[in-house]
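Dear colleague,

Please find below the structure I promised to pass on, together with its sequence. My notes on what was found follow directly after it.

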Amino acid sequence: MRYSEMYLPTAREIPSDAEVASHQLMIRAGMIRKLTSGIYSYLPLGYRVIRKVEQIVREEMNKAGAQEVHLPMVQPVELWQESGRWVHYGKELLRFRDRHEREYCLGPTHEEVITDLVRNDIKTYRQLPRNLYQIQTKFRDEVRPRFGVMRCREFGMKDAYSFDADEAGAEKSYDKMFVAYNNIFNRCGLKFRSVEADSGSIGGKYSHEFMVMADSGEDAIVFCDKCAYAANLEKAEIREPEKKNISQKDWLPLESVHTPEVRTIEEVSTFLKVKPRDIVKTLIFNADGKACAVLIRGDQDVNEIKVKNYLGAAELELADDEMIMKATGAPRGFAGAVKIKTRVIADFSVMNMINFVTGANKEDYHLKNVNIGRDFNVEVFADLRVVKENDSCPRCGDKIKFARGIEVGHVFKLGTKYSKAMKAVYLDKDGQEKIMVMGCYGIGIGRTVAACIEQNFDENGIVWPMPLAPYQVIITPVNINEVDIMKAAESIYSSMLNCGIEVILDDRDERAGVKFKDADLIGIPIRITIGQKSLASGNIELKIRKTGENRLYPSQKIVQEVKALIDQELNPAAK
């Protein structure tokens with residue numbers, strides 16, 4: 001491609017509304033333009049990168065036995081009512097009515113549509129397993145779109161759905177996709193981790209996220225260097241502590257203390273001259289309309305997702321003042337487990353505590369020297385808190401570490417959540433009706449591009465890994481008005497095109513410095529510079545964008561050297 005013919009509006013200034021590097025650089029490099037909040041147009045350079053990611057995804061999905069389909073973005077209300085998500089999905093689901101007043105939504109995902117498709121066509125075990133995927137536009141009405149294409153409202157996504165006859169088959173399908181995802185992100189040239197994750201609004205039994213490691217990542221990742229354990233912060237587990245033998249002789253007498261207007265952990269700690277770790281917080285949750293008290297040590301934080309999953313609740317939120325008053329007999333800030341009128345569960349952090357402080361379920365009072373077994377009982381101890389940096393690995397016991405990551409892919413083992421609700425059934429060998437077991441597997445295409453930039457940039461611009469680079473080479477003639485320089489540039493350009501190399505010829509009548517800056521900004525991996533001095537000696541200068549290394553090659557060998565470099569980057573195993 002000739003630069004003079006390209007639609008490539010680069011910019012030197014950093015956009016004022018761009019918060020992260022990928023957003024800034026995608027705009028500056030002429031890859032995207034904002035249409036409205038959370039909705040972007042991809043320009044030619046950006047769309048080439050999108051197509052590169054899509055092609056890698058398509059090849060690996062096909063290799064894993066999945067088949068490509070294309071499903072409607074507009075989905076009828078009836079399917080979402082069948083699955084139960086019309087009510088539960090929330091405001092991110094953009095609902096609308098057509099001219100006949102029929103209700104629809106713009107698809108944020110396609111579990112309902114694919115399940116409807118399969119249940120109408122697959123009738124017997126002989127037609128299973130099946131894995132169908134698409135690369136298509138999704139819409140989620142994000143409350144606060146940000147970070148450019150990293151968290152936008154309209155976005156491209158690869159979503160796949162597997163259907164199996166039983167759990168064993170579903171495990172095999174899940175494993176195939178897990179391997180395919182590792183292959184995809186390796187081929188994209190990304191540094192990433194697969195981490196255990198919560199299934200969220202998609203539902204299902206378990207899942208893994210694929211996180212690109214980057215300091216700008218929205219998500220915290222917990223991992224262990226000693227073993228393979230890794231999880232996102234929502235899912236990260238706490239090892240169950242050993243139960244200590246606590247003697248009742250160590251229990252001190254229960255004491256009620258007047259604590260006027262003292263509600264928070266910090267206030268109680270200061271007032272009673274105790275450490276936060278000597279206090280037990282009692283949080284009242286509303287779980288599907290029923291109150292539940294969750295106990296946790298004062299210096300720890302409750303993980304609401306863990307609580308929700310433990311209780312098996314469809315909806316969980318902190319209780320309102322009316323529910324708190326009904327359960328405790330006191331206003332917010334004075335709840336405790338002693339004589340509370342609701343079920344009580346506790347985090348592992350409370351298991352071995354003695355003589356601790358809690359609310360007294362009485363306004364302006366707290367209790368000292370509270371003990372489990374004497375003053376109240378706990379239904380169960382469970383892992384209900386947020387992991388912290390001094391915690392141990394739940395698998396091997398070594399110290400865990402924290403990092404930041406950007407989620408680019410997610411695989412879910414759905415089980416029968418959708419197939420049962422929507423009656424996606426088949427006949428087994430004995431003619432008995434059985435429910436299909438499902439999995440679903442997503443990759444954010446635009447997010448993958450943005451995450452790649454977050455991991456590969458410097459002060460001059462993007463540093464594309466070869467597999468995702470919009471072009472592999474840029475040829476920069478220092479002065480297009482010099483006949484010898486342009487003759488050499490045109491010859492090399494033509495030879496590279498004939499060899500299948502993706503190349504830009506910068507034929508603009510601009511100063512060399514301007515051309516160099518643009519080449520660095522858009523991140524082309526290899527720059528060929530043709531100047532009078534090197535050309536006179538029969539050499540051509542080659543610069544590697546990633547390392548800044550400059551090399552000189554004889555002009556007659558430059559094309560084969562470039563081809564060899566590209567092949568090494570695209571096939572690292574062959575190095």
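**The second largest pocket and its lining**

Helix H15 gives the largest share of the lining of the second largest pocket, namely five residues. Please bear in mind throughout that this is a predicted model. The lining comprises 33 residues in total, and those nearest the centre of the pocket are Pro465, Met466, Pro467, Glu569 and Leu570. H15 spans residues 558–570, and at least two lining residues also come from each of helix H2 (44–63) and helix H6 (167–187). The space in this pocket amounts to about 800 Å³.

**The protein as a whole**

The secondary structure consists of 15 helices and 31 strands. Along the principal axes, the C-alpha atoms occupy a box of roughly 95 × 65 × 50 Å. Of the 575 residues, 52% are buried. Among contacts with a separation of 6 or more, 69% join residues that are 24 or more positions apart. The exposed surface comes to about 27,200 Å², with carbon and sulfur atoms supplying 48% of it. As to charge, there are 83 positive and 84 negative charges, and their mean positions lie 2 Å apart.

**Helix H1**

Helix H1, residues 21–28, is largely enclosed by the rest of the structure, because eight of its eight residues are buried. The residues concerned are Ala21, Ser22, His23, Gln24, Leu25, Met26, Ile27 and Arg28. Which elements cover them? The cover includes three strands and helices from later in the numbering, namely strand S25 (457–458), helix H11 (445–455) and helix H13 (512–522). Strand S1 (32–36), strand S2 (39–42) and strand S26 (461–462) are also included in the cover. After H1 comes Gly30, which has a positive phi, near 70°.

**The cavity**

Helix H13 appears again in the lining of the largest cavity, where H13 and strand S30 (539–544) each contribute at least two residues. The count of cavities of 30 Å³ or more comes to one, and the largest cavity holds about 30 Å³ of space. Its lining is formed by Ala519, Asp520, Ile524, Pro525, Arg527, Lys543, Ile544 and Arg545.

**Two individual residues**

Two buried positions may be of interest to you, Ile135 and Ala330.

Ile135 belongs to strand S7, which runs over residues 130–139. Its relative accessibility is 13%, and Ile135 therefore counts as buried. Setting aside residues up to four places away in sequence, Ile135 touches Glu54, Val57, Arg58, Glu68, His70, Met157, Lys158 and Ile445. For one of these, Val57, the separation along the chain is 78 residues, while the C-alpha atoms of Val57 and Ile135 are 9.0 Å apart.

Where does Ala330 lie? Ala330 is in the loop between helix H9 (321–328) and strand S17 (343–347). With a relative accessible area of 0%, Ala330 is buried. Beyond its neighbours within four places in sequence, the contacts of Ala330 are Ile324, Met325, Asn361, Lys362 and Glu363. Ala330 and Val463 are 133 residues apart in sequence, and their C-alpha atoms are 60 Å apart in space.

With kind regards

Notes. Residues numbered from 1 in each chain as written. Predicted model: local features only at pLDDT ≥ 70, side-chain atom pairs only at ≥ 80, totals over all residues. Heavy atoms only, no water. Helix = DSSP H or I, 4+ residues; strand = E, 2+ residues; numbered from the N terminus. Buried < 20%, exposed > 50% of the residue type's maximum accessible area, 1.4 Å probe, protein only. Contact = heavy atoms within 4.5 Å. Areas by Shrake-Rupley, 256 points an atom, 1.4 Å probe, with all protein chains shown as cover. Lys, Arg positive; Asp, Glu negative; His and termini not counted. Charge placed at Lys NZ, Arg CZ, Asp CG, Glu CD. 1 Å grid on protein atoms, 1.4 Å probe; cavity = no way out; pocket = protein on both sides within 12 Å on 5 of 7 lines; lining within 4 Å. Points joined across faces, edges and corners; volume = space filled by probe spheres on them.
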